[in-house]
Amino acid sequence: MDKEKYYLTTAIAYTSGKPHIGNSYEIVMADAIARFKKLEGKDVWFQTGTDEHGQKIEEKAGAEGVSPKEYVDRIAGQIKDICDSLNVQYDRFIRTTDSDHERQVQKIFRKMYEKGDIYKGSYEGMYCTPCESFWTSSQLVDGKCPDCGRPVKPAKEEAYFFKMSKYADRLIEYINTHPDFIQPVSRKNEMMNNFLLPGLQDLCVSRTSFKWGIPVDFDDNHVVYVWVDALSNYITGIGYDADGDSTDQFNKLWPCDLHLIGKDIIRFHTIYWPIFLMSLDLPLPKQVFGHPWLLQGGEKMSKSRGNVIYADDLISLFGVDAVRYYVLHEMPYDNDGTITWELMTERYNSDLANILGNLVSRTITMSNKYFDGFVSSTGVKEDVDDDLKEVCTGASGKVKGKVDDMHMADALTEVFNVFRRCNKYIDETEPWVLAKDEANRDRLSEVLYNLVEGICIGANLLKPFMPETADRILMMLHGTERDFELLSEFGIYRSGTKVTDKAEPLFVRKKPEDIMAEVSVIQEAQRAEYLRENGMTTESGEEKTEIHVEPKEEIEYDDFAKMQFVVGEIIECREVPKSKKLLCSKVKVGDSVKQIVSGIKAYYSPEEMVGKKVMVLLNLKSAMLAGIESEGMILCAEDADGNLSLMSPEKNIDSGSEIL
């Protein structure tokens, strides 16, 4: 009987730079899901990779004096190394520069064009280079890109467009009749209310202003724009052929069971991609899950701040499985998670060294001390055993339910509940007390057998999440890997088996001060690298390159005089619901209070804002942002790296003071 297939993908990482741990979370989550599905007995295909074309890549390569291919080869290598270092077992690491992918993208583009879904026109609008997106003026937020908050510039060029509206009603109907297609539900509501129901504009799918892309094979002036190129990897990577000669693998695997992607790019995977598939007459993926972000202490990671956390640095200090544990355990289902070095250390010591490591060590030590390492079931049972067995045998079903629902943190908690219950069982049975009386020897043997069996069940369930640790536990206990259905049974461990003579510690406790000393070295190296990359002066006297300021159209003094700049004091600040970038501040300006909405959530928390003195443009016409009235503007400075800093007075000065 053939195994049930399960096809899982991640978003493909953009090769603009080395990904930080927030970007790496997704690949670990996908790997844990893939491993768990294999544990269930499914035939899994897990695909990830890199997105390597576009204007941003072309510009970065030019700045380094290398070809775009040389640039993406280096960055793709870094991304692949990070995946490997995190013990990710993908089946294919696809690159959009792979020849088979490029060839099929050209065929896909031509097929859509010949079907009448793509037409030639021209585009004029505001363009964001980092996002590689065109926007109308009405779509901008505070005059900037609504996705990333960076500056945009006017652009006009000839382009091919995809008729999105042709398939919009069909997609709306599909979403309404397939409630599990977009998860979590909040992401589905966002796509429907903000994009689909208001109406879709035709999508630009080619470019002429740069050359680093897949050429449109019937129009040499154009290269295929990012989304047709990048999104198609999910079918080209498994053998799709637009001419109708797809492989057996494609016919077996498609439609995909799960697209796992970040919440910031869910629009492309739940609107653009399904519509492209409809154009190709292909079935849609079964589910697209938009996971939340992993933030550094609640704020955006930036090299200039020295607060970027990379997977390889974490692994060097804590080990790969500790990193996998943290990112999986600390990410909520629908809300952003937080990672800091301090939290990582705390979780390592409390959960891994104490709950798990200490449990395994104590159990092996007692088995060797009382029975020379031999673990035997004697059948001497007591009522206290029943609850332990119930927790252990019920865990597999609970973990499966959580994984199926994409609640990965809860799934890992259910695994650790087995280990917690084993620790409690030690406290309840007190083996050291039983060992004092020879009459209790058979009972003591049964207690230790139950502990080893419980740990073996837990280790088998742990393997998708922390594979190396699970293998070490089973090796020390001389336990075996079990089929999934056997994990709901208690008593599989072979009676009379001898555990290892000495328990090697799974996780050695870390001193927080030692970790933070290492972190200081890492962060200083980051800052030095940032200075070098941006040509700025370092303490060693390296030359500093000033930021180029592009002058805007000159204004008259009377124009400037119309603007009223004052000092304001932020007395209250809150997040704007359902917005990833907006904060709403109550700003005291003399004897009045103004409400101002600002796109600075990625850089400041509401708690940080309260009490700050800031520069305010007071007489800016009020506007509605995300349904909230904004009565002015808080001024910020932005550097070349996209980092923001509030403009604040040098000295303490009363709110309402005029800025001249």
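Me: Which strands does α10 lie across, and at what angle does α10 run to β7?

Reply: In this predicted model, α10 lies across β6, β7 and β9. The angle of α10 to β7 is about 35°.

Me: How are the model's residues numbered, and what do its values count?

Reply: Numbering starts from 1 along each chain as its sequence is written. Local features need pLDDT of at least 70 and side-chain atom pairs pLDDT 80 or more, while totals for chains, interfaces and linings use all residues; side-chain values use heavy atoms, without hydrogens and water.

Me: What makes a stretch a helix or a strand here?

Reply: Both are DSSP runs, numbered from the N terminus. A helix is H or I with at least four residues, and a strand is E with at least two. Strand β9, for example, covers residues 203-204.

Me: Why are α5 and α10 called roughly parallel, oblique or roughly perpendicular?

Reply: Start with the angle. Helix α5 (165-177) packs against helix α10 (266-279) at about 105°, with the axes 10 Å apart. Axes are lines fitted to C-alpha atoms, for helices over the stretch in contact, and angles run from 0 to 180 degrees between N-to-C directions. Under 35 degrees is roughly parallel, over 145 roughly antiparallel, 65 to 115 roughly perpendicular, and the rest oblique. So α5 and α10 are roughly perpendicular.

Me: Which residues make that contact?

Reply: From α5 come Tyr-167, Arg-170 and Leu-171. From α10 come Thr-270, Ile-271, Pro-274, Ile-275, Met-278 and Ser-279. Contact means heavy atoms within 4.5 Å.

Me: How many of them are nonpolar, polar and charged?

Reply: Six are nonpolar, two polar and one charged. Ala, Val, Leu, Ile, Met, Phe, Trp, Tyr, Cys and Pro count as nonpolar; Asp, Glu, Lys and Arg count as charged; the others, Gly among them, count as polar.

Me: Why do α14 and α17 get their label, parallel or perpendicular?

Reply: Helices α14 (384-404) and α17 (441-462) cross at roughly 10°, and their axes come within 10 Å. The two helices are therefore roughly parallel. Among the α14 residues in contact are Leu-388, Cys-392 and Val-399. The α17 side includes Asn-450, Gly-454 and Leu-461. By class, the contact holds seven nonpolar, three polar and three charged residues.

Me: How do you know whether α13 is close to its expected span?

Reply: The expected span is 1.5 Å times one less than the number of residues. Helix α13 (341-371) has 31 residues, and 45 Å is expected. From first C-alpha to last, α13 reaches 41 Å, close to that value.

Me: Where is the kink in α13 centred?

Reply: The kink is centred on Ala-353 and comes to about 35°. The bend at a residue is the angle between axes fitted to the seven residues ending there and the seven starting there.

Me: How do you know which strands pair with β7?

Reply: Two strands pair if DSSP finds at least two bridges between them. Ten bridges join β7 (153-162) to β5 (118-128). Two bridges join β7 to β9. Both pairs run antiparallel. Phe-161 of β7 is the bridge partner of Tyr-119, and Phe-161 also stands opposite Cys-204 in β9.

Me: What makes β6 and β9 edge strands?

Reply: Each pairs on one side only. The open sheet has the order β6-β5-β7-β9, with antiparallel pairing.

Me: Which strands are the edges of the five-strand sheet?

Reply: β20 (592-598) and β24 (633-634) are its edges. The order is β20-β19-β18-β21-β24. Inside it, five bridges join β18 to β21, where Gly-568 stands opposite Val-614.

Me: What makes Pro-184, Pro-255 and Asp-281 worth a look?

Reply: Most residues other than glycine have a negative phi, and most peptide bonds are trans. The bond from Gln-183 to Pro-184 is cis, with omega near -10°. Another cis bond joins Trp-254 and Pro-255, with omega about 10°. Asp-281 is not a glycine, yet its phi is positive, about 60°. Asp-281 sits in the loop between α10 and β13.
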